[in-house]
Every structure is written in C-alpha cells, then in structure tokens.
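The following exercises invite the reader to study one protein chain step by step. Each task is followed by a worked solution.

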Amino acid sequence: MRYARRYQTIIFGIGIAVLVAVIGIRIFHLIRIPAAPCVVKEITGIYCPGCGGTRAVKAFFEFRFLQSILLHPLVMYVIGLFLWFMASYVAAFLSKGKICCLALRPIHGYIAVFLLLGNWVLKNFLLLAFGIPVLELL
C-alpha cells in the first residue's frame, strides 16, 4: 500500500509538471516571444544537434505533428515514450499489478541518441552539400 501511494504521488507530480509545461508553452505562443537564435549556428554556420527542438515542441503543442517530426524527430519520440511510460504505470496501478508497466531499457536511450545524431548529420549534410537550409524551409 505504501508503494502504491508513492507511485500515485509521483504520477500526480509528473502530471502537474506536464500541465504547467503545456500552459507555459501556450502562453509563450500567445504572447509571441521570439526564440533566441542558436549560438552554434550563428558562429559556425552549421546546425547544432538541438537545432529545431524548440520549434518542434511548439509545433507539437499547436497540433502540427508532422512538422514537429520534420523539425526534430527526437521531440516526438520522447513525448511518445513518456506517454507510453505513463499510461503503462497508470494501467499497472489501476490493475493492482496485474498489468506490467514499461521498463526503460538502454535501447530507448540508444534510439534517442540515434535520432539526435542522425537528425544533426542529415540537416547539416543537406545544408553543406546542397545549400538547403532545412529549418528555414519549415
């Protein structure tokens, strides 16, 4: 019983944090605060591994999911993994342990690193080899 209460508190806390983040992003969108430019892009002329991440989060909360994936696929992967993880823990809690919850494994981290680096290499390849500024087109 003590562990169930602890999990319930953790899930509630994460839910509140997500709600605050969603409200914050919606306020950010409504008052149209310009995003700061990428310092790496300004200095070197190439994209950093995180370039497009803020715009991808913003596109996600504006329900433009395809654009979010194109801007930075890691954002949609992390959000999807988070929702899957949370849903499995809620299901395990409600079923009193009859349904197994998702356990994070190293493969989840490897996929995230692959998406991060693959996105970075592809965008810079298109920029340097063909002169296509991918993020400016989206």
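**Exercise 1.** Identify the residues that Leu-126 contacts, leaving aside its neighbours within four places in sequence, and state whether Leu-126 is buried, partly exposed or exposed.

*Solution.* The model is a predicted one.
Step 1. Locate the residue: Leu-126 belongs to helix α6.
Step 2. List the contacts: once neighbours within four places in sequence are set aside, Leu-126 meets Gly-131, Ile-132 and Val-134.
Step 3. Classify the accessibility. Buried requires under 20% relative accessible area and exposed over 50%. Leu-126 has 23% relative accessibility and therefore counts as partly exposed.

**Exercise 2.** Describe the overall make-up of the protein chain in terms of helices and strands, burial and contacts.

*Solution.*
Step 1. Count the elements: the protein chain has seven helices and zero strands. Read from the N terminus, their order is α-α-α-α-α-α-α.
Step 2. Consider burial: the protein chain holds 138 residues, of which 24% count as buried.
Step 3. Consider the contacts with a separation of 6 or more: 56% of them are between residues 24 or more positions apart.

**Exercise 3.** Determine which residues form the largest nonpolar core, and examine the surroundings of Leu-135.

*Solution.*
Step 1. Name the members: the largest nonpolar core consists of nine residues, namely Tyr-47, Cys-48, Cys-51, Ala-56, Ala-59, Leu-71, Val-75, Leu-127 and Leu-135.
Step 2. Take one member, Leu-135. Residues up to four places away in sequence not being counted, Leu-135 touches Tyr-47, Cys-51, Gly-52, Arg-55, Leu-71 and Lys-123.
Step 3. Look beyond this core: another core of five residues lies apart from it, and includes Leu-74, Tyr-77, Leu-102 and Ala-112.

**Exercise 4.** Establish where His-72 is placed, whether it is buried or exposed, and which residues it touches.

*Solution.*
Step 1. Place the residue: His-72 sits in the loop between α4 (65-71) and α5 (73-94).
Step 2. Apply the cut-off: the relative accessible area of His-72 is 3%, and because buried means under 20%, His-72 is buried.
Step 3. List the surroundings: residues up to four places away in sequence aside, His-72 touches Pro-49, Gly-50, Cys-51, Gly-52, Gly-53, Ala-56, Leu-116, Asn-119 and Lys-123.
Step 4. Examine the side chain: a polar contact of 3.4 Å links the side chains of His-72 and Asn-119.

**Exercise 5.** Follow α3 to the loop after it: which residues of α3 are buried, and what is the phi of Phe-63?

*Solution.*
Step 1. Inspect the helix: Gly-53, Ala-56, Ala-59, Phe-60 and Phe-61 are buried in α3.
Step 2. Move on to the loop between α3 and α4, where Phe-63 is placed.
Step 3. Read the backbone angle: Phe-63 is not a glycine, yet its phi is positive, about 65 degrees. For comparison, most residues other than glycine have a negative phi.
Step 4. Check the accessibility: Phe-63 is exposed, its relative accessible area being 65%.

**Exercise 6.** Characterise the largest pocket by its volume and its lining.

*Solution.*
Step 1. State the volume, which is about 290 Å³ for the largest pocket.
Step 2. Find the residues closest to its centre: among the 16 that line the largest pocket, these are Ala-36, Pro-37, Cys-38, Gly-52 and Arg-55.
Step 3. Assign the lining to elements: α2 (39-44), α3 (53-61) and α7 (134-137) each give two or more residues. The largest share, three residues, comes from α3.
Step 4. Sort the lining by character: eight residues are nonpolar, four are polar and four are charged.

**Exercise 7.** State how far apart the C-alpha atoms are in two pairs, Val-113 with Leu-74 and Ile-23 with Phe-61.

*Solution.*
Step 1. Begin with Val-113, which lies in helix α6 (residues 106-130) and is partly exposed at 45% relative accessible area. Val-113 and Leu-74 are 39 residues apart along the chain, and their C-alpha atoms are separated by 8.6 Å.
Step 2. Turn to Ile-23, found in helix α1 (residues 2-31) and partly exposed at 44%. Ile-23 and Phe-61 are 38 residues apart in sequence, with a C-alpha to C-alpha distance of 9.9 Å.

Definitions and conventions. Residues numbered from 1 in each chain as written. Predicted model: local features only at pLDDT ≥ 70, side-chain atom pairs only at ≥ 80, totals over all residues. Heavy atoms only, no water. Core = buried A, V, L, I, M, F, W, Y, C linked by side-chain atoms within 4.5 Å. Buried < 20%, exposed > 50% of the residue type's maximum accessible area, 1.4 Å probe, protein only. Contact = heavy atoms within 4.5 Å. Helix = DSSP H or I, 4+ residues; strand = E, 2+ residues; numbered from the N terminus. Polar contact = N/O pair within 3.5 Å; in protein donor to acceptor, adjacent residues only side chain to side chain. 1 Å grid on protein atoms, 1.4 Å probe; cavity = no way out; pocket = protein on both sides within 12 Å on 5 of 7 lines; lining within 4 Å. Points joined across faces, edges and corners; volume = space filled by probe spheres on them. Nonpolar A, V, L, I, M, F, W, Y, C, P; charged D, E, K, R; others polar.
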